Amino acid sequence: MPLSMVSEGEQNIIKKVGGKEETRRFLENLGFVSGGAVTVVSKIDGNMIVNVKDSRVAIGKDMANRIMV
């Protein structure tokens, strides 16, 4: 399921990062890699703050839909 559907506070493992090559590379540089852990900190109007690799990252709903957990 996409990261955008995950509940707050729930830790998940990233299964796949989709999208165009440029988008995948951008997300991988932020720490969204297959097998990595990600936790949703908060959701506001579809935008999310997530913990990934000991960092907090804000991403939009369109990016969150490309990350499968």
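These exercises work through the fold, core and loops of a predicted model.

**Exercise 1. Determine which elements the protein has and in what order they run.**

Step 1. Count the elements. The protein has two helices and six strands.
Step 2. Read from the N terminus. The order is β-β-α-β-β-β-α-β.

**Exercise 2. Test the radius of gyration of the protein against that of a compact globule.**

Step 1. Take the chain length and the rule. For 69 residues, a compact globule would have a radius of gyration near 11 Å.
Step 2. Compare. The protein has 10 Å, which agrees.
Step 3. Add the dimensions. Along its principal axes, the C-alpha trace spans about 30 × 20 × 20 Å.
Step 4. Check the contacts. Among those with a separation of 6 or more, 55% join residues 24 or more positions apart.

**Exercise 3. Describe the burial and the surface of the protein.**

Step 1. Take the interior. Buried residues, those under 20% relative accessible area, are 38% of the 69 residues.
Step 2. Take the surface. About 4,300 Å² is exposed, and carbon and sulfur atoms supply 48% of that area.
Step 3. Place the charges. There are 10 positive and 8 negative charges, and their mean positions are 5 Å apart.

**Exercise 4. Find the residues that touch the most other members of the largest nonpolar core.**

Step 1. Recall the general trend. In soluble globular proteins, nonpolar side chains tend to be buried together.
Step 2. Name the residues. The largest nonpolar core has 17 residues, and Leu 3, Phe 32, Val 38, Val 50 and Ile 59 touch the most other members.
Step 3. Trace the elements. S3 (37–44), S4 (47–52), S5 (55–59) and H2 (61–64) each supply at least two residues of this core. S4 gives the most, with three residues.
Step 4. Look closely at Val 38. Leaving out residues up to four places away in sequence, Val 38 touches residues including Leu 3, Phe 32, Val 50 and Val 69. Polar names also appear among its contacts: Glu 10, Gln 11, Asn 12 and Asn 51 are on the list.

**Exercise 5. Locate two non-glycine residues with positive phi, and decide whether each is buried or exposed.**

Step 1. Take Asp 45. Its phi is about 55°. Asp 45 sits in the loop between S3 and S4.
Step 2. Apply the cut-off. Exposed means over 50%. Asp 45 has a relative accessible area of 78%, so it is exposed.
Step 3. Take Asp 54. Its phi is about 60°. Asp 54 lies in the loop between S4 and S5.
Step 4. Apply the cut-off again. Asp 54 has 84% relative accessibility, so it counts as exposed.

**Exercise 6. Place Gly 60 and list what it touches.**

Step 1. Locate Gly 60. It lies in the loop between S5 and H2.
Step 2. List its contacts. Beyond residues up to four places away in sequence, Gly 60 touches Gly 46 and Asn 47.

How values were computed:
Residues are numbered from 1 along each chain as its sequence is written. This is a predicted model: local features need pLDDT of at least 70, side-chain atom pairs count only at pLDDT 80 or more; totals for chains, interfaces and linings use all residues. Side-chain values use heavy atoms; hydrogens and water are left out. Helices (H or I, at least four residues) and strands (E, at least two) are DSSP runs, numbered from the N terminus. The radius of gyration is taken over C-alpha atoms; the globule rule is 2.2 Å times the number of residues to the power 0.38. Buried means under 20% relative accessible area, exposed over 50%, partly exposed in between (1.4 Å probe, protein chains only). Contact means heavy atoms within 4.5 Å. Accessible areas come from the Shrake-Rupley method with a 1.4 Å probe; for residues, only the protein chains shown count as cover. Lys and Arg count as positive and Asp and Glu as negative; His and the chain ends are not counted. The place of a charge is taken as NZ of Lys, CZ of Arg, CG of Asp or CD of Glu. A nonpolar core is a set of buried Ala, Val, Leu, Ile, Met, Phe, Trp, Tyr and Cys residues joined through side-chain atoms within 4.5 Å.
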